[in-house]
Amino acid sequence: MSAPVPPLRVASAVPVSTLPRGADLAYEPKFDGHRMVVFVREEGVLLQARSGRNVTAAFPDLAGAARRLPAGTVLDGEVVVWRGGRTDFAAVQRRAAATASRAPALARALPASYAAFDLLAEGGEDLRPLAYRERRARLEALVGPLGPPLQPVPMTRDAQEALTWFGTLHSIGVEGLVIKRVDQAYRGGGRAWRKLRHTTAGDAAVTGYTGPAARPSALVLTLPDDDTPVVSAPLPPALRAQAGRVLAGRTRAGEGTATAVGLGEVAYRPVAAGTTAEVERGTTRHPVVTVLRLRLPEELEP
């Protein structure tokens, strides 16, 4: 297997309703952030979103920090922004959507932090075929000494400690746990891991809408850990009216396309970053995202 190169298909997880237990399992907290792969090359650093999009220009602070790593390093992890003692998904989405000209100012106002949970290459050597326990040990040895804003995500082999994390860390933006077999290779594009969430409800960034501006018929959303926009289920009348008020004056020029269940790609009107919605994700084969309520935009400008 050749060394990982961008765009890289990342590994993902299957939702579970109870905590798996076993001597062959490892547990990591799942932060409410933005998936990112870090490539450190002789010619410079490249940061890739889950979708494959190059987001290097949007995160100059993380690109600069990654230059401390040796060439030939590839990391998989989660980028978050801490505000008020907890992770803020709207803020990290604002960072991810920043233009090259706006990114330095946003980096100063909303500094990013990167929680690395896998080491896919070191010194140009492809580590994906190795067992998780071996990749984890090498990740800790390589990234552990660096300190913020790059650090390994916490990990435990103790199921009881993992349950303590699950019960106590939700208040700071930890949405659940990711469970991995310690003898397992890294399977890009596969769903070999398991994920235990507190609930199917969570926050999503509002990136656009379909239908009329005064009464949008659906919202276009970016979910945590995935920067591919999706269209929500149709909004009920009360939410349509509220969405029209909240998004008034926030429409941006141009048009985008997003994935809608049963419809494929549909056109939408993009909006300025900063608005979030509480959503519930269905668990069917083709999950529907339902908007439960809108959160008022926060002023994130520096």
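**Helix α5, nonpolar cores and salt bridges in the predicted model**

At the start of helix α5, a side-chain oxygen of aspartate 158 lies within 2.8 Å of the backbone nitrogen of glutamine 160. This and the other features described here belong to a predicted model. Helix α5 spans residues 159–168, and its buried residues are Ala159, Ala162, Trp165 and Phe166. These residues lie on the same side of α5, because they cover an arc of only 110 degrees around the axis. In general, an α-helix has 3.6 residues a turn, so residues three or four places apart point the same way. The packing partners of the buried residues of α5 are three strands, namely β2 (25–31), β10 (174–181) and β11 (193–197).

Confidence in the prediction was examined along the chain. The average pLDDT is 90, and 94% of the residues score at least 70. Over residues 298–302, however, pLDDT stays under 50, and the model has 16 contacts beyond four places in sequence for this segment. Where pLDDT is low, the predicted coordinates should not be read in detail.

The largest nonpolar core comprises 35 residues, of which Met36, Val38, Leu47, Phe59, Leu62, Leu75 and Tyr114 touch the most other members. Two or more residues are given to this core by each of several helices and strands, among them β3 (34–41), β4 (44–49), α1 (60–66), β7 (112–122) and α4 (132–143). Leucine 62 illustrates the surroundings of one core member: beyond its neighbours within four places in sequence, leucine 62 is in contact with Met36, Leu47, Val79, Ala112, Ser113, Tyr114, Pro149 and Leu150. A second core, separate from the largest, holds 19 residues, including Val10, Val174, Val178 and Tyr186.

Charged side chains were considered next. Side chains of opposite charge can pair when their charged atoms come close. The structure holds 15 salt bridges. In one of these, glutamate 78 meets lysine 30 at 3.4 Å, N to O. Glutamate 78 lies in strand β5 (residues 73–83) and lysine 30 in strand β2, so the pair ties together parts that are 48 residues apart in sequence. Both partners fall under the 20% cut-off for burial: glutamate 78 has a relative accessibility of 3%, and lysine 30 one of 6%. The two residues also belong to a network of salt bridges that links Lys30, Glu78, Glu175 and Arg197.

A further salt bridge joins the side chains of aspartate 88 and arginine 83 at 3.1 Å, N to O. Here aspartate 88 is buried, at 16% relative accessibility, whereas arginine 83 is partly exposed, at 29%. The side chains of glutamate 278 and arginine 293 likewise form a salt bridge, with an N to O distance of 2.8 Å. This pair ties together parts that are 15 residues apart in sequence, because glutamate 278 lies in strand β17 (residues 276–281) and arginine 293 in strand β18 (residues 289–295). Arginine 293 is partly exposed, with a relative accessible area of 40%.

Threonine 207 was examined as an individual position. This residue is placed in strand β12, which covers residues 201–210. Threonine 207 counts as buried because its relative accessible area, 16%, is under 20%. Apart from neighbours within four places in sequence, the contacts of threonine 207 are Gln93, Val220, Leu221, Thr222, Pro229, Tyr268, Arg269, Pro270 and Val271.

Methods:
Residues are numbered from 1 along each chain as its sequence is written. This is a predicted model: local features need pLDDT of at least 70, side-chain atom pairs count only at pLDDT 80 or more; totals for chains, interfaces and linings use all residues. Side-chain values use heavy atoms; hydrogens and water are left out. Helices (H or I, at least four residues) and strands (E, at least two) are DSSP runs, numbered from the N terminus. Buried means under 20% relative accessible area, exposed over 50%, partly exposed in between (1.4 Å probe, protein chains only). Contact means heavy atoms within 4.5 Å. pLDDT is the predictor's confidence in each residue, from 0 to 100. The arc is that of the directions from the helix axis to the C-beta atoms. A polar contact is a pair of N or O atoms within 3.5 Å; within protein, one must be able to donate a hydrogen and the other to accept it, and residues adjacent in sequence count only if both atoms are side-chain atoms. A salt bridge is a side-chain nitrogen of Lys or Arg within 4 Å of a carboxyl oxygen of Asp or Glu. A nonpolar core is a set of buried Ala, Val, Leu, Ile, Met, Phe, Trp, Tyr and Cys residues joined through side-chain atoms within 4.5 Å.
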